[in-house]
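Student: Please take a close look at one part of this model with me. I would like to follow the sheet and what lies on its surface.

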Amino acid sequence: MITKADIKRETNSVSYNRGKQIYEEQKVHAFQVQEIEEIFGYQLHKITAVVDGSGKNMYCVSVSVDEEMSEFKEPSRKKLSSFSR
């Protein structure tokens with residue numbers, strides 16, 4: 001199981017605190033978890049969400065998690081088109 005300590009270890013304090021703020025301000029949308037199989041047969045959980053960023057920016061963020069090894073793999077952030085909310 002991934003813990004807060006695991007997340008803090010994989011990020012810096014600025015990134016961790018910004019993510020926590022986005023969550024607490026309910027700016028996380030379309031949260032989704034998928035089970036996927038890695039090429040070597042390992043089971044991963046791919047976590048994807050759309051989040052509100054600064055201004056009118058929104059981002060699609062994702063990370064794959066190997067819970068057995070408590071590892072994060074393939075983090076990504078893609079800016080979506082700006083629009084009025």
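Tutor: In this predicted model, four strands make an open sheet in the order β1-β2-β3-β4, with antiparallel pairing. Its edge strands are β1 and β4 (71-80), each of which pairs on one side only. From one strand to the next, the twist averages 15°. In general, strands of a sheet pair through backbone hydrogen bonds, either parallel or antiparallel.

Take the edge strand β1, residues 28-37. Its pairing with strand β2 (residues 43-52) is antiparallel and runs over eight bridges. One residue to look at there is Val 28, whose bridge partner in β2 is Val 51.

Val 28 also belongs to a nonpolar patch on the surface, together with Tyr 23, Phe 31 and Val 33. The accessible area of these residues together is about 430 Å². Strand β1 gives the most to this patch, with three residues. Val 33 is located in β1. With a relative accessible area of 46%, Val 33 is partly exposed, because the partly exposed range lies between the limits of 20% and 50%. That value is also over the 30% that a patch residue needs.

As for confidence, the protein chain has a mean pLDDT of 85, and 94% of its residues reach 70 or more. The lowest confidence is in β4, with a mean of 80, while helix α2 (residues 13-24) has the highest, at 92. Where pLDDT is low, predicted coordinates should not be read in detail.

Key:
Residues are numbered from 1 along each chain as its sequence is written. This is a predicted model: local features need pLDDT of at least 70, side-chain atom pairs count only at pLDDT 80 or more; totals for chains, interfaces and linings use all residues. Side-chain values use heavy atoms; hydrogens and water are left out. Patches are made of residues with over 30% relative accessible area and no salt bridge: like charges are joined within 9 Å, nonpolar side chains (Val, Leu, Ile, Met, Phe, Trp, Tyr) within 5 Å. Accessible areas come from the Shrake-Rupley method with a 1.4 Å probe; for residues, only the protein chains shown count as cover. A salt bridge is a side-chain nitrogen of Lys or Arg within 4 Å of a carboxyl oxygen of Asp or Glu. Helices (H or I, at least four residues) and strands (E, at least two) are DSSP runs, numbered from the N terminus. Buried means under 20% relative accessible area, exposed over 50%, partly exposed in between (1.4 Å probe, protein chains only). Two strands pair if DSSP finds at least two bridges between them. Axes are lines fitted to C-alpha atoms, for helices over the stretch in contact, and angles run from 0 to 180 degrees between N-to-C directions. pLDDT is the predictor's confidence in each residue, from 0 to 100.
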